[in-house]
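Trainee: Could we go through this model together, one question at a time, with the cut-offs stated as we go?

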Amino acid sequence: MSEEIKKSSNFITEIIDEHLKTNKYQGKVHTRFPPEPNGYLHIGHAKSICLNFGLARDYNGLCNLRFDDTNPTKEDIEYVDSIKEDIKWLGFTWDEREYYASDYFDKLYEFAVQLIKKGKAYVDSSSAEEIKALRGTPTEPGKNSPYRDRPIEENLELFEKMKNGEFNEGKYVLRAKIDMASPNLNMRDPIMYRIRFAEHHRTGNKWCIYPTYDWAHGQSDSIEGITHSICTLEFENHRPLYNWFIEELGIHHSQQIEFARLNLNYTVMSKRKLLKLVEDKIVDGWDDPRMPTISGLRRRGYTPESIRNFAEGVGVAKRDNTIDVALLEFRVREDLNKKAQRVMSVLRPLKVVITNYPDGKVELMEAVNNPEDETMGTREVPFTKEIYIEHDDFMEDPPKKYFRLSPGNEVRLRYAYIIKCEEVIKDSEGNITELRCTYDPETKSGHDTSGKKVKATIHWVSAEHAVNAEVRLYDRLFSYEDPAGAKEKDFMEYLNPSSLEILNDCKLEPYLKDAKKGDKFQFERLGYFCVDTKYSTDENLVFNRTVTLRDTWAKIQKNSEQ
RNA sequence: UGCCCCGUUGUGUAAUGGUAGCACAGCAGACUCUGGAUCUGUUUGUCUGGGUUCGAAUCCUAGCGGGGCAGCCA
């Protein structure tokens, strides 16, 4: 692989390059993505997926999908299915290499017996509390368990009985015999097996002892011939243990490499916290468009490309990081700007009657489908005497830099005429309910002979032809940058009460009548929107706002408020 | 307070002993029938102190700051 076409360079590619140079793994690169099926994948996993599958792609290697299913009490087949769907959607494939740590339970059992025979593992009769008490603390060494020197034969016998279900949960555990005085807590005789009379989603009731992560993970890597086992920083202190098992067993030695997990501001990323949002019904399931899950982002309207560009763009390093959501939003705008069909939609309608336009006349105006992509062609948009415009596009008493419609002022209607506001109609409470305007026939788009220049162009929809729809506007789920980081407060206290706003009276141009679930559009001047995959029907269209357009006016307003 | 890891503009990330660059965000401008897009310009940075060196973000050292570890979770 030449320097020029290599996707990205970081400390991991440097390690791999070095291995390639020294021929440590015979020129092979074989990674794996090892999710535990106990929750849905989120944007942080997307980074790991892009990293692992991306490395395999860039180095002509392979990347396995391996479910780390060693704890049946927390795992579920629902999660397995969602994880597979999400990885595929992101655009990666594991071919037939779909593995499970539970595939290796028999082999792991054999390995454990080997270690017992070698005098490197023992069955401990201590209770969980006793084990905890003898483990010591970060500053004090632990003490040996009274069962640490049990004879090998007895260990073998007890371990087999553990496997055969002859003991209750918690009665015995299998421990590695390493060093209770190690400054690294992970080396103080870590637990390898615990007794769990739980049904496993794949092995059913075959087993009542289950391996811990530390015991299962490295050996699974080894069995699969993984060369580079990439994980997050919290496993750094586990690496000596990872290596110890592999070396004591004398099996293929994968190299564990740790990198910093991705954090995003204004959201939470731990599966535990996301699960709480789901269970407390704060959100509408794991795929709620406000969730940082892959399924949530998909429903929100994010594209796989935008997420891949994001994940690959944030880089890989070892220092803790928090990425600004603005970067994620930039990535989806960047992608959708090139691809999305443009369309006119009015979210908060204000009726406009064009008094000098003939009753009953319908003109079909030609509109460009995507100025970034000529091949997407044009469409016709009907124009009539009565139209809707965005309520925000009119101000009775406009401030200095407001360029849109106001009494006596002119604006262009996109793809149509220049109109002038002549009269404002209000209800008994003083709310503006309708505008009376006149149009200038000389100003038709593409045939303008008036020479007029206006400072603004606004979007509109013919009242007679409008399609009604519901539009859901999303804002950040939390109103505080680092909801999980506050020591004193629970993250739930930072929930943004207005993270979802539902608009029921939106008027869309007729082109959208046949929009299908998942279809993506740019509503001109407003943002990118997609048809909701969960609630939208042919009769009642529901759109999700993916992200707004960059909004210079909003910025001016915000700055003038301060 | 033991062990491990990490400190480069607001946020990320490059520079591997030789001009501190890139992206996002910010700011200013050009253009515009989307206040979109596009283009141009631009502010802000090597945690601190010593040392090695002709030369240090990079190597050494001391300090400071941040993170992780005491599940039969992963």
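Trainee: Which residue lies over the face of Tyr 100?

Mentor: A charge is taken to sit over a ring if NZ of Lys or CZ of Arg is within 6 Å of the ring centre and within 35 degrees of the ring normal. This is a predicted model, in which local features need pLDDT of at least 70, side-chain atom pairs count only at pLDDT 80 or more, and totals for chains, interfaces and linings use all residues. Residues are numbered from 1 along each chain as its sequence is written, chains are lettered from A and ligands numbered from 1 in the order in which they are written, and side-chain values use heavy atoms, with hydrogens and water left out. At 3.5 Å from the ring centre of Tyr 100, the residue over its face is Arg 202.

Trainee: How many residues apart in sequence are the parts tied together by Phe 105 and Tyr 210?

Mentor: Rings of Phe, Tyr and Trp (its six-membered ring) pair if their centres lie within 6.5 Å, with planes under 30 degrees apart counted as stacked, over 60 as edge-to-face and the rest as tilted. The structure holds 26 aromatic pairs, and that of Phe 105 and Tyr 210 is edge-to-face, at 5.9 Å centre to centre and 75° between the planes. Since Phe 105 lies in helix H4 and Tyr 210 in strand S7 (helices, H or I, of at least four residues and strands, E, of at least two are DSSP runs, numbered from the N terminus), the pair ties together parts whose separation in sequence is 105 residues.

Trainee: Is Gln 256 buried or exposed?

Mentor: Gln 256 belongs to strand S9, residues 255-259, and its side chain makes a polar contact with that of Glu 258 at 3.1 Å. Such a contact is a pair of N or O atoms within 3.5 Å, where within protein one must be able to donate a hydrogen and the other to accept it, and residues adjacent in sequence count only if both atoms are side-chain atoms. The scale is relative accessible area, with buried under 20%, exposed over 50% and partly exposed in between (1.4 Å probe, protein chains only). Because its relative accessibility is 4%, Gln 256 counts as buried.

Trainee: Which element gives the largest share of the surface near RNA strand B?

Mentor: A residue is near a strand if one of its heavy atoms lies within 4 Å of it. Helix H5, strand S6, helix H12 and helix H13 each give two or more residues to this surface. The largest share, five residues, comes from H13.
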